[in-house]
Amino acid sequence: MTQSPQANHPGHAVQVLAAHAIYCILGVNNGDALDHPDMVCLGDIYALDPDEQPQRLVVSKTASGTQQISAGSAIGTPGAPVAFEARYTFMAADGDKVDVLLLALPDGSRFALPLSPMTAQADYTLLKTDETPEDISLSDLLCISFVRGTMITLASGEQRAIEDLAIGDKVLTRDHGGQEIRWVGKATLRAVGAFAPVLIAAGTLGNSGDLIVSQHHRMFLYQRQRKAGVPTSELLVQAKHLVDGERVFLREGGFIDFFSLVFDHHEIIYAEGIPAESLMVNDATVSRLPAELSADVRARFPGLSQHQHFGTEAGRKFLDEIGTAALFKAPARDTPRPER
């Protein structure tokens, strides 16, 4: 049977909040919910309603490129169009930036889609608005990591550009020797806001070349002298927390290819010679994949039960206390011997 030219591409699901769940607590619009850009004021402080529960939104893309609600969505009517009205950039008290998309449905309802985690315990200052955000495929919100050209260490000791890797290739891991790649993800994104990558200059962490990763991608750092209050010497640090404007930068502008690697377990692999995490597979990750990729990952990882590597997550507060320079001056990297 011939497929209609207007047939939809497979749908994918994200968790959204009613727009009123993000509301102004201090400023010109005190008490008002997040609204269209011409109704908000930069500098106002917003908070997340702790009683508001996220809702499942399933969206598919038509052959013409528009996005619409699909079956299985908890909100809206299947077939109804979804419009991106605005993009907002907020800053939390600890300096973290969060981009939020404002989505509008034909019935006039609006929903907020945070591109980074938000918490009801934090306040967020509105820094920037964009009334005409470029349409974003929700499948682009996959948590991906390394950019094109990143050199990955194989089990043999050879280094190969990430875009040249394939399922079945054996990559060197810190804890389990050579492990086969089970899945490779790729997306091309506009490098702005939450999608602007982090550039770690060559030598900063012992990396042999410039290492460019997505903001939430975590680097593995081994501290020979464990810091007070940290249960392990092994730290997982989000790249965005390392940005200092001197050796680690946000690189905005243009388009960029991101790649992610999945193994049987959440692994620490070597990129530009230094340890960094692989994509961790769990239900939250898989729910953000397009349906056909989600089905493939679910088949390959039936339990969806990968757990975080045993390293301790180092948050912004801890890094502010010790200073990122303490991480940059870490001893030579801890690298296992390649397989023979």
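Which residue's backbone oxygen lies 3.1 Å from a polar atom of the side chain of S145? Keep that in mind as you look around; the notes below begin there and then turn to the salt bridges.

1. The residue is F259: its backbone oxygen is 3.1 Å from a polar atom of the S145 side chain. Please remember, as you read on, that this is a predicted model. To find S145 in the structure, go to the loop between β9 (123-130) and β10.

2. Is S145 buried or exposed? S145 counts as buried, because its relative accessibility is 4% and the cut-off for buried is under 20%. Leaving aside residues up to four places away in sequence, S145 touches I212, V213, S214 and H217, and also F258, F259 and S260. F259 therefore appears twice in this picture, as a residue that S145 touches and as the owner of the backbone oxygen 3.1 Å from a polar atom of the S145 side chain.

3. Now for the salt bridges, of which the structure holds 11. One of them joins the side chains of R87 and D99, with an N to O distance of 3.3 Å. R87 belongs to strand β6 (residues 83-92) and D99 to strand β7 (residues 97-104), so this pair ties together parts that are 12 residues apart in sequence. Both ends are worth a look for their surroundings: R87 is buried, at a relative accessible area of 8%, and D99 is buried too, at 3% relative accessibility.

4. Another salt bridge pairs R148 with D257, and here the closest N and O atoms are 2.9 Å apart. Why does this pair tie together parts that are 109 residues apart in sequence? R148 sits in the loop between β10 (146-147) and β11 (151-153), while D257 is in strand β21 (residues 255-262), so the link spans those 109 residues. As for exposure, R148 is partly exposed, with a relative accessible area of 42%, whereas D257 is buried, with a value of 18%.

5. R160 and D169 also form a salt bridge, with 3.3 Å between the closest N and O atoms. R160 counts as partly exposed, because its relative accessibility is 24% and buried would need a value under 20%.

6. Finally, have a look at D35, E85 and R110. Salt bridges link these three residues in a network.

Note on methods:
Residues numbered from 1 in each chain as written. Predicted model: local features only at pLDDT ≥ 70, side-chain atom pairs only at ≥ 80, totals over all residues. Heavy atoms only, no water. Salt bridge = Lys/Arg side-chain N within 4 Å of Asp/Glu carboxyl O. Helix = DSSP H or I, 4+ residues; strand = E, 2+ residues; numbered from the N terminus. Buried < 20%, exposed > 50% of the residue type's maximum accessible area, 1.4 Å probe, protein only. Polar contact = N/O pair within 3.5 Å; in protein donor to acceptor, adjacent residues only side chain to side chain. Contact = heavy atoms within 4.5 Å.
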